[in-house]
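Here are a few short exercises to help you find your way around a new structure. Try each task before you read its solution.

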Amino acid sequence: MLVGIKNRIKNNWVVLVILLLGSFLFISASPLYKGNPWVDTNAMLAIGQAWLDGRVPFRDIFEQRGPVLYVYYLVMNLFSTKGYIGLFIIETLNLIGIWYWEKKTLQLLQVPSKLQKWLALILPFFLLSSFSFENGGSPEEFAFFWILWSFYYLLLFLKTGKLKNYQVFLIGFGAALVFWMKYSLVGAWFIFILVYLLITLKNRYWIEILVKVVSFLLGFLSVTLPLMVYYQFVKGVPALIKVYFVTNIGAYTQDSGETGLRQHLYLIVQAINKNFMAQPIVLVVLTVGVVIAIFYRKEKQAAILVVLTMIFSSLLSYWSLRQDSYMFLVSVGISGILLPLAIWDFIVQISTESKIRTKLVIAVAVIMTFAIPPMANKFIRYAIPVSSSQNFAAQDLGRYISKQSGKKASTIIYANMLSLGIERFTNVKYKYYFFETTNLNPQRFPQQRQSLNYLIEHQKADYVVWGLNWGNRPPIDLKNKAAVISQVSPIVTRHYKLVKVGTEMMPGIDPPFLTPANQNQYALFARK
């Protein structure tokens with residue numbers, strides 16, 4: 001096995017170096033930048049750090065995503081105290097994995113073997129080029145690897161008519177990982193299972209179907225059972241079920257104002273359509289890839305599988321009726337699966353010379369890797385280099401706390417926002433169940449707001465952070481203390497004093513459209 005891995009690295013080392021360079025340049029958690037400013041990612045890093053410190057997610061500290069995702073983030077925190085290096089490593093490995101499975105998919109689609117590794121570079125950097133990637137670290141980013149992994153095996157079945165038991169086991173394994181990462185992302189497996197069953201039931205392979213169902217379930221259980229055993233051991237099963245399923249379903253889904261399945265589906269389609277309109281290149285890439293696959297390549301099976309996977313994944317991803325742009329990332333990835341095939345077929349039409357074709361393929365791959373991401377994804381352009389004097393709010397506020405507290409661990413509450421990541425730059429102790437304001441409906445889940453208000457009113461935390469223009473409000477004059485205080489809830493200002501303000505430039509998302517870069521502003525309050 002080790003010999004096989006060494007040979008793969010030896011045969012692909014140039015492409016792997018390009019992937020690594022691209023990651024260094026275009027992932028904001030890279031050592032080249034000050035850090036990832038996205039609050040979602042910092043919230044998950046905080047949960048991973050808290051878990052490492054002994055606080056079990058759901059039982060001891062609140063967040064919404066699944067336990068497998070927090071395993072990812074726990075591992076990230078093992079690499080460095082800030083966690084950003086670990087995030088960078090895991091994101092880079094994830095991109096390499098996407099490249100690998102796309103390479104194997106292109107092999108099934110009969111792309112010349114010497115060009116597969118180059119053409120496969122296009123998909124991971126097409127993903128990076130979408131502003132749905134944002135600053136990186138979303139569950140969608142990591143889930144797409146497992147979707148592509150399972151997509152390959154189903155396409156293999158459609159091509160050969162065979163699927164080994166261990167391959168079905170691996171499909172179930174991938175499905176379980178994504179289910180326990182963010183269950184709204186498992187739409188792809190509905191279509192994978194449906195397609196497989198339609199074909200095998202038609203041929204009446206009853207014994208084979210039974211064996212494959214058992215293999216899939218064993219793969220699914222290989223993730224689920226250890227997870228449940230762990231949570232049973234730490235007495236956290238009720239909290240896991242209550243938060244991950246009951247609370248998310250009841251308080252995260254937006255109220256459509258209407259009842260009925262037809263109206264709900266209509267609103268989902270509206271949300272998907274808005275994201276397509278915000279990123280029309282995704283629809284163009286999907287259409288071109290499917291048309292060429294069907295009418296030129298005669299790869300009808302691959303094209304139909306891509307379309308169906310896109311539909312089912314999008315429907316389930318947007319079931320909550322939320323329109324956050326990062327939720328569209330899986331759809332972006334699926335749409336790009338056939339893009340390298342379309343580019344290769346276009347190059348074939350340009351030249352009949354093998355050497356010229358190879359050079360063109362390499363040129364396109366390199367351009368897609370190094371030129372397109374910073375042009376297309378504004379979040380990449382606004383990543384702050386470590387050498388820059390530009391403000392990075394989490395770092396500035398974290399250093400202030402360290403200066404005041406020394407080596408003593410502080411407690412922080414994010415009173416009206418998700419984690420800014422201050423804990424990446426100072427010593428923080430996770431003492432309370434709620435430490436941030438997540439995107440849950442306060443009418444349906446009042447416990448979060450009530451608990452945070454209690455902690456603030458009783459001055460339990462050392463520091464409170466307030467997002468001054470959180471929710472797309474215009475920036476204010478930070479030198480005007482009265483103007484700053486006016487933006488903050490009296491519950492905070494009665495019990496805490498303003499000690500520091502922080503700011504950074506970052507593109508904002510006004511779903512589903514990208515707005516110009518704006519100034520995000522934050523206020524740090526210390527206990528009076």
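A salt bridge is a side-chain nitrogen of Lys or Arg within 4 Å of a carboxyl oxygen of Asp or Glu. Keep in mind that what you're looking at is a predicted model.

**Exercise 1. Check whether Asp60 and Arg59 make a salt bridge, and work out how covered each one is.**

Step 1: look at the closest N and O atoms of Asp60 and Arg59, which are 2.6 Å apart, so the pair counts as a salt bridge under the 4 Å limit.
Step 2: take the accessibility of Asp60. Its relative accessible area is 17%, and buried means under 20%, so Asp60 is buried.
Step 3: do likewise for Arg59. With 33%, Arg59 comes out as partly exposed.
Step 4: put this pair in context: by the salt-bridge rule, the count comes to seven.

**Exercise 2. Find where Lys182 and Glu140 sit in the chain, and say what joins them.**

Step 1: start with the side chains. Lys182 and Glu140 meet in a salt bridge, at 2.7 Å from N to O.
Step 2: place each partner. Lys182 is in the loop between helix H8 (165–179) and H9, while Glu140 belongs to helix H7 (residues 139–160).
Step 3: use the sequence numbers. The two are 42 residues apart, so this pair links distant parts of the chain.
Step 4: check the cover. Lys182 has a relative accessible area of 10% and is buried; Glu140, at just 1%, is buried too.

**Exercise 3. Describe the surroundings of Gln116.**

Step 1: locate Gln116 in helix H5, which covers residues 113–119.
Step 2: look at its accessibility, which is 6%, so Gln116 counts as buried.
Step 3: list what Gln116 touches, leaving out residues up to four places away in sequence: Lys103, Leu106, Gln107 and Val111.
Step 4: zoom in on Val111. The Gln116 side chain reaches the backbone oxygen of Val111 at 2.8 Å.

**Exercise 4. Work out which helices build the nonpolar surface patch.**

Step 1: collect the members, which are Phe190, Leu194, Leu198, Ile199, Val307, Ile311 and Phe312; together they have about 580 Å² of accessible area.
Step 2: sort them by element. Helix H9 (187–203) and helix H14 (300–317) are the ones giving two or more residues.
Step 3: see who gives the most. That's H9, with four residues.
Step 4: try one member. Leu194 lies in helix H9, and at 39% relative accessibility Leu194 counts as partly exposed.

Methods:
Residues are numbered from 1 along each chain as its sequence is written. This is a predicted model: local features need pLDDT of at least 70, side-chain atom pairs count only at pLDDT 80 or more; totals for chains, interfaces and linings use all residues. Side-chain values use heavy atoms; hydrogens and water are left out. Patches are made of residues with over 30% relative accessible area and no salt bridge: like charges are joined within 9 Å, nonpolar side chains (Val, Leu, Ile, Met, Phe, Trp, Tyr) within 5 Å. Accessible areas come from the Shrake-Rupley method with a 1.4 Å probe; for residues, only the protein chains shown count as cover. Buried means under 20% relative accessible area, exposed over 50%, partly exposed in between (1.4 Å probe, protein chains only). A polar contact is a pair of N or O atoms within 3.5 Å; within protein, one must be able to donate a hydrogen and the other to accept it, and residues adjacent in sequence count only if both atoms are side-chain atoms. Contact means heavy atoms within 4.5 Å.
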